Amino acid sequence: MSTSFARRSGLLATLSDDDVHVLVECADRVRFRKDEEVLRQGQRNASLFVVQEGMLHTHRHAKGHRVFLGRLEPGSVFGEISLFDPGATTATVSGVSDGVLIEIRRDHLERFAALRPAAAVQLLFGLLEQMAQRMRNTDERLIDSIVWGGLLK
């Protein structure tokens, strides 16, 4: 199995090919089709997903509008918050093409940590970095919305 998708991800790029192979063996592979909703906003989720093949779009429904949030390509990750805090998803993720996801549940991560503890620490630090970056970006957008929306007097 090729691990080339991992080289495109900040999350998995620091892991060796062997570590990525073990992680994928611990996890589940999920196929998706073009136009299929992989996750629906509000749906309960407890998994982290890594895009192995294909492309997906994320969007959110808010006040009657569908807001495009981004594109997910091989190496991209989503669902990282749900891995640690299972609950309702904040966006819908839909296939733009056919593809394959690596689904990592908490028990998969625990199995990987038992087999490759140093790589698991790297992976967890990578997840924390990505979550912190997203929080920082969200904070910036919130402040911009407040300032430009005229809510700050």
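**Notebook: loops, bridges and a helix crossing**

I opened with Lys-63, which lies in the loop between strand S5 (56–62) and S6. This is a predicted model, so I read every value below as computed from it. Phi of Lys-63 is near 50 degrees, a positive value in a residue that is not glycine. I then asked myself: is Lys-63 buried or exposed? Lys-63 counts as exposed, at 84% relative accessibility.

**Another positive phi**

I went on to Asp-35, in the loop between S1 and S2. Its phi is positive, about 70 degrees, although Asp-35 is not a glycine. Its relative accessibility is 62%, and the cut-off for exposed is over 50%, so Asp-35 counts as exposed.

**Salt bridges**

How many salt bridges did the count come to? It came to nine, and I looked up some of them.

I stayed in the S1–S2 loop for Arg-33, whose side chain meets that of Asp-98 in a salt bridge at 3.0 Å, N to O. This pair links distant parts of the chain: Arg-33 is in the loop between strand S1 (28–32) and strand S2 (37–39), Asp-98 is in the loop between strand S9 (92–95) and strand S10 (99–105), and they are 65 residues apart. Arg-33 is exposed at 53% relative accessibility, while Asp-98 is partly exposed with a relative accessible area of 41%.

Next I checked Arg-134 and Glu-80, whose side chains meet in a salt bridge at 2.4 Å, N to O. Here too the pair links distant parts of the chain, with Arg-134 in helix H4 and Glu-80 in helix H2 (residues 80–84), 54 residues apart. Which partner is buried and which is partly exposed? Glu-80, at 3% relative accessibility, counts as buried. Arg-134, at 39%, counts as partly exposed.

My third pair was Asp-107 and Arg-105, with side chains meeting in a salt bridge at 3.3 Å, N to O. Asp-107 is partly exposed with a relative accessible area of 35%, and Arg-105 counts as partly exposed at 30%. I followed the links outward and found a network of salt bridges that joins Asp-28, Arg-105, Asp-107 and Arg-111.

**Helices H1 and H3**

I turned to helix H1 (residues 17–26) and helix H3 (residues 106–115), whose axes come within 9 Å. At what angle do these axes cross? They cross at roughly 140 degrees. An angle over 145 would count as roughly antiparallel, and H1 and H3 are therefore oblique to each other. I also noted the handedness: H1 passes H3 in a right-handed crossing.

**A nonpolar patch**

On the surface I looked up a nonpolar patch of about 310 Å², made by Val-121, Phe-125 and Leu-128. Val-121 belongs to helix H4 (residues 117–148). Its relative accessible area is 43%, so Val-121 is partly exposed.

**A glycine in a loop**

My last entry is Gly-75, found in the loop between strand S6 (65–72) and strand S7 (77–78). Gly-75 has a relative accessible area of 5%; buried means under 20%, so Gly-75 is buried. I also took one distance across the model, from Gly-75 to Glu-140. Their C-alpha atoms are separated by 25 Å, and the two residues are 65 residues apart along the chain.

Technical notes:
Residues numbered from 1 in each chain as written. Predicted model: local features only at pLDDT ≥ 70, side-chain atom pairs only at ≥ 80, totals over all residues. Heavy atoms only, no water. Patch = residues over 30% accessible without salt bridge, like charges linked within 9 Å, V, L, I, M, F, W, Y side chains within 5 Å. Areas by Shrake-Rupley, 256 points an atom, 1.4 Å probe, with all protein chains shown as cover. Salt bridge = Lys/Arg side-chain N within 4 Å of Asp/Glu carboxyl O. Helix = DSSP H or I, 4+ residues; strand = E, 2+ residues; numbered from the N terminus. Buried < 20%, exposed > 50% of the residue type's maximum accessible area, 1.4 Å probe, protein only. Axes fitted to C-alpha atoms, helices over the stretch in contact; angles between N-to-C directions. Parallel < 35°, antiparallel > 145°, perpendicular 65-115°, else oblique. Left-handed = near helix turned anticlockwise from the far one by under 90°.
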